[in-house]
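Q: I'd like to learn how to read a model like this one, feature by feature. Can we go through it together?

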Amino acid sequence: MILYHGSNLKIEEINLSKCKPYKDFEQGFYCTTIEKQAEFMAERVVKRQGWNKN
C-alpha cells in the first residue's frame with residue numbers, strides 16, 4: 001500500500017511528539033491513499049506558513 005502525507009518536507013521517520021494536538025482525530029500522523037489530496041494539503045500548508053516548497 002502506498003500512503004501519502006500532505007507535507008512539503010521529506011519525512012524520514014514518524015515522531016508523534018512533533019504532531020499537533022487537537023486535530024480532527026486528535027494528535028497523529030495523517031496519511032491518505034490519494035496522491036492529489038496529499039498534494040492539495042501540502043500546498044495549503046505552504047500558503048498558510050509561507051514556506052518554500054523546496
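Q: Let's start with charge. How many positive and negative side chains does the chain have, and how far apart do the centres of the two sets lie?
A: This is a predicted model, so keep that in mind throughout. For charge, the idea is to count Lys and Arg as positive and Asp and Glu as negative. Here the chain carries 9 positive and 7 negative side chains, and the centres of these two sets lie 7 Å apart.

Q: Which secondary structure elements does the chain have?
A: The general idea is to look for helix and strand runs, numbered from the N terminus. In this case you get 1 helix and 0 strands. The helix, α1, covers 35-49. Met 1, Ile 14, Gln 27 and Phe 29 can be placed relative to that helix: Met 1 sits in the segment before α1, as do Ile 14, Gln 27 and Phe 29. Glu 39, on the other hand, lies in helix α1, and Arg 44 is found there too.

Q: What about overall dimensions, burial and surface?
A: Take the extents first, then ask what is covered. The C-alpha trace spans about 25 × 25 × 20 Å along its principal axes. Of the 54 residues, 13% count as buried, where buried means under 20% relative accessible area. The accessible surface comes to about 5100 Å², and carbon and sulfur atoms account for 53% of that.

Q: How much of the contact set joins residues at least 24 apart?
A: You leave out pairs that are close in sequence and look at what remains. Among contacts between residues at least 6 apart in sequence, 60% join residues at least 24 apart. For a concrete separation, take Met 1 and Thr 33: they are 32 residues apart along the chain, yet their C-alpha atoms are separated by 7.9 Å. Now set beside that Glu 39 and Lys 18, which are 21 residues apart in sequence and 21 Å apart in space, C-alpha to C-alpha.

Q: Is Met 1 buried or exposed?
A: Here you read the relative accessible area. Met 1 counts as exposed because its relative accessibility is 86%, and the cut-off for exposed is over 50%.

Q: Which salt bridges are there?
A: The idea is a Lys or Arg side-chain nitrogen within 4 Å of a carboxyl oxygen of Asp or Glu. The structure holds 2 of them. One pairs Lys 10 with Glu 12, with the closest N and O atoms 3.6 Å apart. Lys 10 is exposed at 71% relative accessibility, and Glu 12 is exposed at 64%. The other pairs Lys 36 with Glu 39, with the closest N and O atoms 3.7 Å apart.

Q: Why are Lys 36 and Glu 39 separated by about one helical turn?
A: Check the spacing along the helix. Lys 36 and Glu 39 are 3 residues apart in helix α1, so about one helical turn separates them. As for their cover, Lys 36 is exposed, with a relative accessible area of 62%, while Glu 39 is partly exposed at 35%.

Q: Which residues form surface patches?
A: Look for accessible residues of one kind, either like charges or nonpolar side chains, that can be joined within a distance cut-off. The nonpolar patch consists of Leu 9, Ile 11, Ile 14 and Leu 16, with about 380 Å² of accessible area together. A positive patch is formed by Lys 20, Lys 23, Arg 44 and Arg 48. Arg 44 is partly exposed, with a relative accessible area of 39%, so it passes the patch requirement of over 30%.

Q: Which residues is Phe 29 in contact with, beyond its neighbours within four places in sequence?
A: Contact lists tell you what surrounds a side chain. For Phe 29 the list is His 5, Ile 11, Ile 14, Leu 16 and Cys 19. Ile 11, Ile 14 and Leu 16 also belong to the nonpolar patch. Phe 29 counts as partly exposed, at 25% relative accessibility. Its C-alpha atom is 8.3 Å from that of Asn 15, 14 residues apart along the chain.

Q: And how does Gln 27 read?
A: Same recipe: cover, contacts, then a distance. Gln 27 is partly exposed, with a relative accessible area of 41%. Leaving aside neighbours within four places in sequence, Gln 27 touches Leu 16, Ser 17, Cys 19, Lys 20, Pro 21 and Tyr 22. Gln 27 and Gly 6 are 21 residues apart in sequence and 15 Å apart in space, C-alpha to C-alpha.

How values were computed
Residues numbered from 1 in each chain as written. Predicted model: local features only at pLDDT ≥ 70, side-chain atom pairs only at ≥ 80, totals over all residues. Heavy atoms only, no water. Helix = DSSP H or I, 4+ residues; strand = E, 2+ residues; numbered from the N terminus. Buried < 20%, exposed > 50% of the residue type's maximum accessible area, 1.4 Å probe, protein only. Contact = heavy atoms within 4.5 Å. Areas by Shrake-Rupley, 256 points an atom, 1.4 Å probe, with all protein chains shown as cover. Charge placed at Lys NZ, Arg CZ, Asp CG, Glu CD. Patch = residues over 30% accessible without salt bridge, like charges linked within 9 Å, V, L, I, M, F, W, Y side chains within 5 Å.
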